[in-house]
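Good morning, colleagues, and thank you for joining. I should like to take you through one protein model, first as a whole and then at a single residue.

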Amino acid sequence: MSQQSPFATTMEIPPAAAKPARVFSGIQPTGELHIGNYLGAVRTWRQQIEEGKDETMFCVVDAHAITVPYDPKDLRKNIDDLCLDLIACGLDPEKTTLFVQSDVREHTELAWYLASVTPMGDLGRMTQFKDKGEGKDFVSTGLFTYPVLMSADILLYKATVVPVGEDQVQHLELARETVRRFNHRFPGEKVSGKKPRPIFVEPKPRLSVTPRIMGLDGESKMSKSKGNTIGLFEHPDSFWKKLSKAYTDPQRLKLTDPGRPEICNIFTMHKAISPKETQDEVVANCTGAKWGCVACKKVLFDNFEKELIPLRTKREALSIEQVRQAMGDGAAKARRIAVETMKEVRQVMGLGSLAT
Ligand code: TRP
């Protein structure tokens, strides 16, 4: 901003800059970070940080990971590994707020309060709840109220933009509805006859432009629970082994059968990672029955390697102590915002003794 001259007779009006968005997203520490997570989410997060237009916050949502049966030792390791991976992927803790959800207790506190304005019927309609709960002997209350905690994650920071995949849009719609319900139910006291500004803002989803990466079996989305993934930091030998066996166009049995790139998961990955010329080459050689699928995968593998080598180098150079320190600092940054929001929330809800 320009400094105002002491001789100025009129106030300088700063140029109207667009208000930066506050971007928030979360990722569960449920196992090895895979190429689907990277292409669909983490890489776009890095791009948003690098653009520097918006304020960004990214959270390892460990409290979401306990809603299905789990082993605490595994969770501990998964949190450490994911934090390492995310920093190695370029989520620079100096440029973004990167933290672990349960380090900021206000998430679970707000979730409880939001639960009081969330009808059970809405939660019962969530497709993720139905998918994850169906046919299980034990379905936790946490799995049912999972979307309430997710709303709390977002609302706690009054985030305006939430990068998510298609499968989370329903949860985000619920978060928006929760904002409307909460603001309506708890508008706060009028100040000198004027209505106060509502506490929460409706967050908007930002859908990833990368089309969904299917699993290696070609049957469903790439997902750890389906065992159809390639780890982002997997050794290049096993990376190639898995990629070379991945499902392609089922109509392409022989080299001389022309392939259909538009339905092939390998081509989807080329589109995400290979330069435009390579993508054009793939289309020509696949539809023209010139390249076999293995040759096409080899080109893809080489392009993955180009992208991943620097990330691997970075990962090797990081120590877990360094990473934990960075996560602690990230939580402290996040907490500063969370504490302020919770003061407002308790106030409009009429909670507390007012002693603190
Ligand atoms: N439910 C999200 C997922 O499984 C993870 C998540 C938790 C999240 N809290 C969030 C995403 C808040 C965006 C914003 O992918």
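I will begin with the overall architecture, turn to the domains, and finish with one arginine.

Please bear in mind that this is a predicted model. The protein comprises 13 helices and five strands. Along the principal axes, its C-alpha atoms fill a box of roughly 80 × 70 × 40 Å. The chain has 356 residues, of which 46% count as buried. As for the surface, the protein exposes about 19,500 Å², and 56% of that area is supplied by carbon and sulfur atoms. There are 50 positive and 46 negative charges, and the mean positions of these two sets are 3 Å apart. Turning to contacts between residues at least 6 apart in sequence, 76% join residues at least 24 apart.

Next, the domains. The assignment places residues 22-213 together with 319-349 in domain 1, and residues 234-317 in domain 2. Their C-alpha centres are separated by 33 Å. To the contact, domain 1 contributes 19 residues and domain 2 contributes 13 residues.

Finally, the arginine. Arginine 43 sits in helix H1, which spans residues 35-51. Leaving aside residues up to four places away in sequence, arginine 43 touches Tyr38, Thr210, Ala272, Ile273 and Glu307. Does this residue, then, have a salt bridge or lack one? Arginine 43 is buried but has none; the nearest side chain of opposite charge, that of glutamate 307, is 4.2 Å away. That pair is not counted because a salt bridge requires the side-chain nitrogen to be within 4 Å of a carboxyl oxygen.

Key:
Residues numbered from 1 in each chain as written. Heavy atoms only, no water. Helix = DSSP H or I, 4+ residues; strand = E, 2+ residues; numbered from the N terminus. Buried < 20%, exposed > 50% of the residue type's maximum accessible area, 1.4 Å probe, protein only. Lys, Arg positive; Asp, Glu negative; His and termini not counted. Contact = heavy atoms within 4.5 Å. Areas by Shrake-Rupley, 256 points an atom, 1.4 Å probe, with all protein chains shown as cover. Charge placed at Lys NZ, Arg CZ, Asp CG, Glu CD. Domains from an automatic or database assignment.
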